[in-house]
Amino acid sequence: MTPHQLGRPFTDAAALFGVQLSEVEGWRDRKSTATTFTPVGVMIHHTASDNTRLSTILNGNATTPGPLVPLYVEDNPANQAWLVADPAANRCNHAGSGDLAQLERVQNGQAPLENPGPDSGGGNRWWIGIELEGDGPEDFPPDGYVYRTGVALTAAICWHLGFDPLVAIIGHRNWSRRKIDPALDLPTFRQAVKLLLEETMSTAAIRLEIVRIFINRTGAPPTGAAHTGENAQERLTRLAAEVAAGKLTLAGLDSTLADFSPPDLAARIAKLANREIPAWWMAGGIPPTNTGADEEATADIDTEALWADLIDRIENG
């Protein structure tokens, strides 16, 4: 994957994936006293306790000085995800010693094995840590806040730094035989991160493409505030660039599209883009070709009619 947003705060990347981080004062400068940091992936932890405090993440414990991880997801009524340190730039003390053969696998484009070999070197230089509050599998239901936020933050890091989610995500137990966390199925977690990455970026692209075609075919101009002298096409180009750079979240995009005519265009587009429009349609109306597929049947698809039907459904709600 291509890195995005380098030089911009990680809070922007997190927001793109739907996470509003609670910033701990000083997060930009907080880091380990050992400063060499060349991360290759994300290490997932769980606290093994429902009583872990943010102060422990910040200051460390009897055996390990803080900060322990840059990102901490709390399981409490407030549902908070804490930004303790800059995950892209500042090393924290979480990985400890582990199997360097696992590191080599990731560096060579292979996912880590479930069972590591003996500890053979330190890991804090190589891994960005995310701590999920909880003890066992019952604390991490896939539809729960902690799990969903863990997936979203991992996706944000992968997008931010260009990591392959199927390769660069490792559990603490995959790093060292001394550890049993996290209580997650890691292959499933990796797939969830990959899907979220794809869905987040494709949803934004789909919505913008629909608006572009809608304007082209109906001549409907945008209404409301716009940059001085900016026409509809220029505005869409700017919005696409802002989404790609993480400056505009999907929620912000929907809000901005509300300025177009008709007023509920954004809601209509979201409904269609999320539920009814196949990816091949958005790629120019050409379905994917499979080995042995009937090329004549593919050629018979009337893309003009498909788009006309789409515009009609948008216009008529």
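Are W127 and W175, your opening selection, buried or exposed? W127 is buried, and W175 is buried too (buried means under 20% relative accessible area, exposed over 50%, partly exposed in between, with a 1.4 Å probe and protein chains only).

Before moving on, note that this is a predicted model, in which local features need pLDDT of at least 70 and side-chain atom pairs count only at pLDDT 80 or more, while totals for chains, interfaces and linings use all residues. Residues are numbered from 1 along each chain as its sequence is written, and side-chain values use heavy atoms, with hydrogens and water left out.

**Stop 1: the sheet**

Colour the strands next. Helices (H or I, at least four residues) and strands (E, at least two) are DSSP runs numbered from the N terminus. You should find an open sheet of six strands with mixed pairing, in the order β1-β4-β3-β7-β2-β8; two strands pair if DSSP finds at least two bridges between them. At the edges stand β1 (22-23) and β8 (169-171), each with a single partner strand, so one side of each has no neighbour in the sheet. Zoom in on β1: two bridges join this strand to β4 (residues 81-83), and the two run parallel. Here E23 stands opposite L83 in β4.

Now show helix α4 (residues 145-161), which packs on the sheet and touches β2 (41-46), β3 (71-73), β4, β7 (127-132) and β8; contact means heavy atoms within 4.5 Å. The direction of α4 makes about 165 degrees with that of β7 (axes are lines fitted to C-alpha atoms, for helices over the stretch in contact, and angles run from 0 to 180 degrees between N-to-C directions).

**Stop 2: helix α3**

Select residues 100-107, helix α3, where Q102, L103 and V106 are buried. Look down the axis: the buried residues fall within an arc of 100 degrees, so they line one face of α3 (the arc is that of the directions from the helix axis to the C-beta atoms). They pack against β7, β8 and α5 (172-175). Just after α3, G109 has a positive phi of about 85 degrees.

**Stop 3: aromatic pairs**

Return to W127 and W175. Their ring centres are 5.8 Å apart and their planes at 70 degrees, so the pair is edge-to-face. Rings of Phe, Tyr and Trp (its six-membered ring) pair if their centres lie within 6.5 Å; planes under 30 degrees apart count as stacked, over 60 as edge-to-face and the rest as tilted. W127 belongs to β7 and W175 to α5, so the pair ties together parts 48 residues apart in sequence.

Finish at Y147 and F189, both buried.
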